[in-house]
Amino acid sequence: MNPYKEKYMRRAIELSKESVKNGGGPFGAVIVKDGQIIAEASNSVTQDHDPTAHAEVNAIRQAAQKLNTFDLSGAEIYTSCEPCPMCLGAIYWARLDKIYFANTKDDAKAIGFDDSFIYEEIEKPYEQRTIPTVQILRNEALEAFKMWEEKEDKIEY
């Protein structure tokens, strides 16, 4: 393993430990581009009262602000734990080039962070999901999609 990659992962792990000491969840993430750390964050769900404030999402937000772009192509993420479904989605939307992780989702499950139900819910038909999911006003909502499709000066993402 490249010693730089280990250095970045050790920083993510250090952030996860600091987070626990400071009342946060045991997760840390670092985003690296061109051999430099451009963002680092830990889980701040309980401190920020924000269920989306996972380490990876926080790091992506920082990196995007710092680089003034939503496209993080050319960057890699080092995360102390295998990303949850939300974070994995955010990583793909941010177009990060590679994911390195330390703990697995099974390690997280063993200490009470179990995301398996989300993967299971995604596969279920709407009417069988735990949270009732009902589609309404599709035709009205399609108007915005049509506007987007016809917009000539849009910034695609």
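Here are some short exercises with worked solutions on the predicted model shown above.

**Exercise 1: A strand and its neighbours**

Find out which strands pair with β1, and in which direction they run. Then work out whether β1 is largely enclosed or not.

*Solution.*
- Step 1. Start with β2, residues 36-42: six bridges join this strand to β1, and the two run antiparallel. To see one such bridge, look at A29, whose partner in β2 is A41.
- Step 2. Now look at the turn of the β1 and β2 hairpin, where two residues lie between the strands. Here D34 has a positive phi, near 55 degrees.
- Step 3. Turn to β3, residues 75-81, which is joined to β1 by five bridges and is also antiparallel to it. On this side, V32 stands opposite E76.
- Step 4. Check burial along β1, residues 28-33. Five of its six residues are buried, so the rest of the structure largely encloses this strand.

**Exercise 2: Following the charges around R11**

Identify the acidic partners of R11 among E18 and E40, giving the N to O distances, and say which parts of the chain the pair with E40 ties together.

*Solution.*
- Step 1. Take E18: its salt bridge with R11 has closest N and O atoms 3.6 Å apart. E18 is partly exposed, at 31% relative accessibility.
- Step 2. Take E40: here the salt bridge to R11 spans 2.5 Å, N to O. R11 belongs to helix α1 (residues 3-21) and E40 to strand β2, so this contact ties together parts that are 29 residues apart in sequence. E40 is partly exposed too, with a relative accessibility of 28%.
- Step 3. Put the pieces together: R11, E14, E18 and E40 are linked in a network of salt bridges. The whole structure holds 10 salt bridges.

**Exercise 3: A salt bridge within one helix**

Determine how K146 and E150 are placed in helix α7.

*Solution.*
- Step 1. The closest N and O atoms of K146 and E150 are 3.7 Å apart, and the two form a salt bridge.
- Step 2. Both sit in α7 (residues 138-150), four residues apart, so about one helical turn separates them.
- Step 3. Compare the surroundings: K146 is partly exposed at 49%, while E150 counts as exposed at 51%.

**Exercise 4: Cysteines without a bond**

Explain why C81 and C84 do not form disulfides.

*Solution.*
- Step 1. Recall the cut-off: the two sulfur atoms must lie within 2.5 Å.
- Step 2. For C81, the closest cysteine sulfur is that of C84, at 9.0 Å, which is too far for a bond.
- Step 3. For C84, the closest is that of C87, and 3.6 Å is again too far.
- Step 4. The count of disulfides is therefore zero by this rule. C81 is buried at 4% relative accessibility, and C84 is buried at 10%.

**Exercise 5: Classifying aromatic pairs**

Of the five aromatic pairs in the structure, describe F27 with F113.

*Solution.*
- Step 1. The F27 and F113 rings are 4.9 Å apart, centre to centre, with 90 degrees between the planes, and the pair is edge-to-face.
- Step 2. Place the residues: F27 is in the loop between α1 and β1, and F113 in the loop between α5 and α6, 86 residues apart. F27 is buried at 13%, whereas F113 is partly exposed at 34%.

Note on methods:
Residues numbered from 1 in each chain as written. Predicted model: local features only at pLDDT ≥ 70, side-chain atom pairs only at ≥ 80, totals over all residues. Heavy atoms only, no water. Buried < 20%, exposed > 50% of the residue type's maximum accessible area, 1.4 Å probe, protein only. Pairing = 2+ DSSP bridges. Salt bridge = Lys/Arg side-chain N within 4 Å of Asp/Glu carboxyl O. Phe/Tyr/Trp six-rings, centres within 6.5 Å; stacked < 30°, edge-to-face > 60°.
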